[in-house]
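Trainee: I am new to this protein and would like a close look at a single part of it. Could you take me through one place with care?

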Amino acid sequence: MVKWGRVILFLVIVGLLGTLITTTTTRVADEITLGLDLQGGFEILYVVEPLESNQQVDIELLKATARMVEKRINIGGVAEPVIETELPNRLRVKIASQEADQDKLRELIGKPAVLTFRDEQGNILLRGSDLAPGGAGVGFDELRRPVVTLKISDPKKLEQVSRENLHKHMAIYLDENMMTNPVIQNVITGGSAQISGDYTQESAQELADLLNSGAMPAKLVEKQVTSVGASLGKLALEKTINAGYVGAALIFVFMLLVYRLPGLVANIMLATFTYVSIVVLHWMDATLTLPGIAGFILSVGMAVDANIITYERIQEEIRSGKTILSAFRAGERRSLITILDGHITTLIATGVLFYFGTSSIQGFAVVLAMTLIVGLLTNVLGSRLLLGLLVRANLIRKPSWFGVKESDIGEL
């Protein structure tokens, strides 16, 4: 007797999945951040070197330098840069944008931005660290020309320095470039100073932001710059998507021809697997790159393999003479250990790749690990749930629905 309740539940689940996938996939996919190899942009590799002989390059210095680099990039008007630390002494900066001024950003990042006030003998009187938090700003001189205003955190210190150097030059340097060299006419009591020069309001604001961000805690040596054009990235993405469509179509046809009804269930869950993976990638706020897509494609193969292992076991049990329900129970039970072994060993490999690999390898490992877990949920648990509903509903009774010929039963 057919249990129509199970059949209706199967149809409801499939209907809900189909509705969810068709109505939200495009929106979610469009919100995923693309890496520079897909979107276009540039990548800069820096070697971090100590500023002083007694300074050591460790993970804390790398992190502090990475934070400062991000501030510099934000000053350049670029949002959400990807900055990766690579032991023992490297930083990899990725800018996925074609609108960013590469030369300007490289100059901003590479500039130490050490502010010093010096006397006529070159002795340092004040440093950038003496600035008040957010103490650099933009003002105008008496001719309405933009200047950079400075506010010292301890006005008494500036007052003492100005008194000791009254009627003498006190130059303001940024790194080793003299920005201005005024003569101190009066004792400065308000804790304020200014840098004048041939500034536009935009360049004055940029310098003020640079000073407020602070000096770079280490020296950055540029080792490699890689640029990817927007058209090249777009072409790579289009080819990858087209290859995915062709591969998915071939897989769907193969599963239907060889495994019939289980193949249909597998195709439904493969589509669900793809959708859930995209959603999780979006939730992770991850950046999708070509290595990441490679990890996803590999996990699709693992997901298909999980279904094939289960269905081959079920076919073997049917050929041995068992009923459809008994064959289904035995097949799913005996195939589970094999599937778990394959996934666990692959997850171990992804852990090794993530720990020892560089940024692109780590991206591959993260996407592969995430999709393997999603594959276990959809193509192992999900496929068994849907197929189990149909089998236990007594709707499917002929071995041919599982790709088994009547003449093959009992031969094993």
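Trainee: In which kind of crossing, left-handed or right-handed, does H8 pass H9?

Mentor: The model is predicted, so local features need pLDDT of at least 70 and side-chain atom pairs pLDDT 80 or more, while totals for chains, interfaces and linings use all residues. Residues are numbered from 1 along each chain as its sequence is written, and side-chain values use heavy atoms, without hydrogens or water.

H8 passes H9 in a right-handed crossing (the near helix is turned clockwise from the far one by less than a right angle; anticlockwise would be left-handed). Helices are DSSP runs of H or I, at least four residues, numbered from the N terminus. The axes of H8 and H9 come within 11 Å and cross at roughly 150° (lines fitted to C-alpha atoms over the stretch in contact, with angles from 0 to 180 degrees between N-to-C directions). H8 and H9 are therefore roughly antiparallel, a term for angles over 145 degrees.

On the H8 side, Pro 262, Gly 263, Val 265, Ala 266, Leu 270, Phe 273, Thr 274 and Ser 277 take part in the contact. Facing them in H9 are Phe 296, Ser 299, Val 300, Ala 303, Val 304, Asn 307 and Tyr 311. Contact means heavy atoms within 4.5 Å. By class, this contact has 10 nonpolar, 5 polar and no charged residues (Ala, Val, Leu, Ile, Met, Phe, Trp, Tyr, Cys and Pro are nonpolar; Asp, Glu, Lys and Arg charged; the others, Gly among them, polar).

Note on methods: Helix = DSSP H or I, 4+ residues; strand = E, 2+ residues; numbered from the N terminus. Parallel < 35°, antiparallel > 145°, perpendicular 65-115°, else oblique.
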